[in-house]
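With the structure open in your viewer, follow the stops below in order. Each one suggests what to select and then says what is there.

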Amino acid sequence: MSVLVVGSVALDTVKTPFGFQREVLGGSATYFSMAASFFTKVKVVAVIGTDFDENHFKLFKKRGVDWSGIERKPGKSFRWEGEYRDDINTAITKKTSLNVFREFDPVLPGKYRGSRTVFLANIDPDLQMKVLGQIRLPKLVVCDTMNFWIENKSDSLRKMISHVDILLMNDGEVRQFTGEANLFKAVRAVLKLGPRTVVVKRGEFGAMMFHGNTIFAVPAFPLDRAVDPTGAGDSFAGGFVGYLSGKKALTVDHLRQAVVFGSVMASFAVQGFSIDSFRTLTHEKIRERYRQFKELTSFRSL
Ligand code: AMP
């Protein structure tokens, strides 16, 4: 079992109420890989520039992530600058510099083409489609996106979404993409495009999954300090897809568990800047937080 991910590997400059970090390791594929590596083998497709420091790969190596699908191209690496103010749920994008991603034309190594589980992390939807088109027989395709692509590539996004089994999106983005103010109407509109399952991420309010007639909701893990929310969505995806990649059939119970594992991994990601929380994370800590989630969400009928 393994997961193939295509997404950004970035240098992020981030300001939050708890500090400021310049050009630290980030990107949708990076956070996803770190989180998913606790559940499955991960193979990454992305592009970096000549300025990207090889030392960043040490943690990929430590976590057993296969980065042979990351191409180095002449030019600058993708960069993102963002800020979080009092509303910790909303990233204010200051600058997005696509750089080497602008010309990126991914050609998958042969060993990647038989991948069964694919995660199309937040990146240009045309690139997401190019990668998906090279996979022979994907069994489970999950995708994520963000407002930048809703605003700049809405038609491509619509096409890409029609090819996936599960869509992950922020609540604000589902509304923006569909033009529906009501979340449930917005989700129904997205389901009509093709995915069987939609997971709506709601920042500090948790996540909601919609699958057939099932709606499943979990809160976010109660934390005293969310130091840096960057990567919460991608880390959620890592836990969610990583857990599902090991399952033969997708039952609603598996999907529910996956939402909890996604929430567990997102809660760790936000406790530090960049991918710092993953450096010291262990399976034991994940199991313990999973138990705490169970306690948090269970009740007995009296
Ligand atoms: P999230 O999990 O939504 O907080 O994603 C955070 C990561 O997304 C950051 O590390 C950024 O480098 C990356 N990112 C921001 N904007 C884009 C974009 N337009 N395309 C791809 N990745 C992006």
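## The whole protein

Begin with the whole chain displayed, and note that buried residues make up 54% of the 302 residues in the protein. Keep in mind throughout that this is a predicted model. If you colour by secondary structure, you will be looking at eleven helices and 13 strands. The radius of gyration is 18 Å, close to the 19 Å that the globule rule gives for 302 residues, so the protein is as compact as a globular protein of that length. Along the principal axes, the C-alpha trace spans about 65 × 40 × 35 Å.

Now switch to contacts: among those with a separation of 6 or more, 63% are accounted for by residues 24 or more positions apart. A surface display shows an accessible surface of about 13700 Å², of which 50% belongs to carbon and sulfur atoms. If you colour charged side chains, 43 positive and 31 negative ones appear, and the centres of these two sets lie 6 Å apart.

## Helix α3

Select residues 125–132, which form helix α3, a mostly covered helix in which six of the eight residues are buried. Which residues of α3 are the buried ones? They are P125, L127, Q128, M129, V131 and L132. To see what covers them, add the surrounding elements, which include the strands β1 (2–6), β4 (41–48), β8 (117–120) and β9 (140–144), together with the helices α4 (147–152) and α5 (154–161). Then move to the N-terminal end of α3, where D124 acts as a cap, with a side-chain oxygen lying 2.8 Å from the backbone nitrogen of D126.

## The loop between β7 and β8

Next, select the loop that runs between β7 (92–97) and β8, and centre the view on R113. R113 counts as partly exposed because its relative accessibility is 26%, which falls between the 20% limit for buried and the 50% limit for exposed. Apart from neighbours within four places in sequence, R113 is in contact with V107, L108, Q134, I135 and R136. Two of these partners deserve a closer look: the side chain of R113 reaches the backbone oxygen of L108 at 3.1 Å, and a polar contact of 3.3 Å joins the side chains of R113 and Q134. For a sense of distance, draw a line from the C-alpha atom of R113 to that of A232, which is 119 residues away along the chain, and the separation will read 28 Å.

In the loop between β7 and β8 you can also select N99, whose phi is near 45 degrees, a positive value in a residue other than glycine. N99 is partly exposed, with a relative accessible area of 27%.

## T197 in strand β11

Move on to strand β11 (residues 197–201) and pick out T197. Is T197 buried or exposed? At 2% relative accessibility, T197 counts as buried. Not counting residues up to four places away in sequence, T197 touches D165, I166, L167, L191, M209, F210, H211 and L255, so showing these side chains displays its surroundings.

## S274, the last stop

Finish in the loop between α9 (252–269) and α10 (276–279), where S274 lies. Its phi is near 50 degrees, again a positive value in a residue other than glycine, and at 5% relative accessibility S274 counts as buried.

Terms used
Residues numbered from 1 in each chain as written. Predicted model: local features only at pLDDT ≥ 70, side-chain atom pairs only at ≥ 80, totals over all residues. Heavy atoms only, no water. Helix = DSSP H or I, 4+ residues; strand = E, 2+ residues; numbered from the N terminus. Rg over C-alpha atoms; globule rule 2.2 N^0.38 Å. Buried < 20%, exposed > 50% of the residue type's maximum accessible area, 1.4 Å probe, protein only. Contact = heavy atoms within 4.5 Å. Areas by Shrake-Rupley, 256 points an atom, 1.4 Å probe, with all protein chains shown as cover. Lys, Arg positive; Asp, Glu negative; His and termini not counted. Charge placed at Lys NZ, Arg CZ, Asp CG, Glu CD. Polar contact = N/O pair within 3.5 Å; in protein donor to acceptor, adjacent residues only side chain to side chain.
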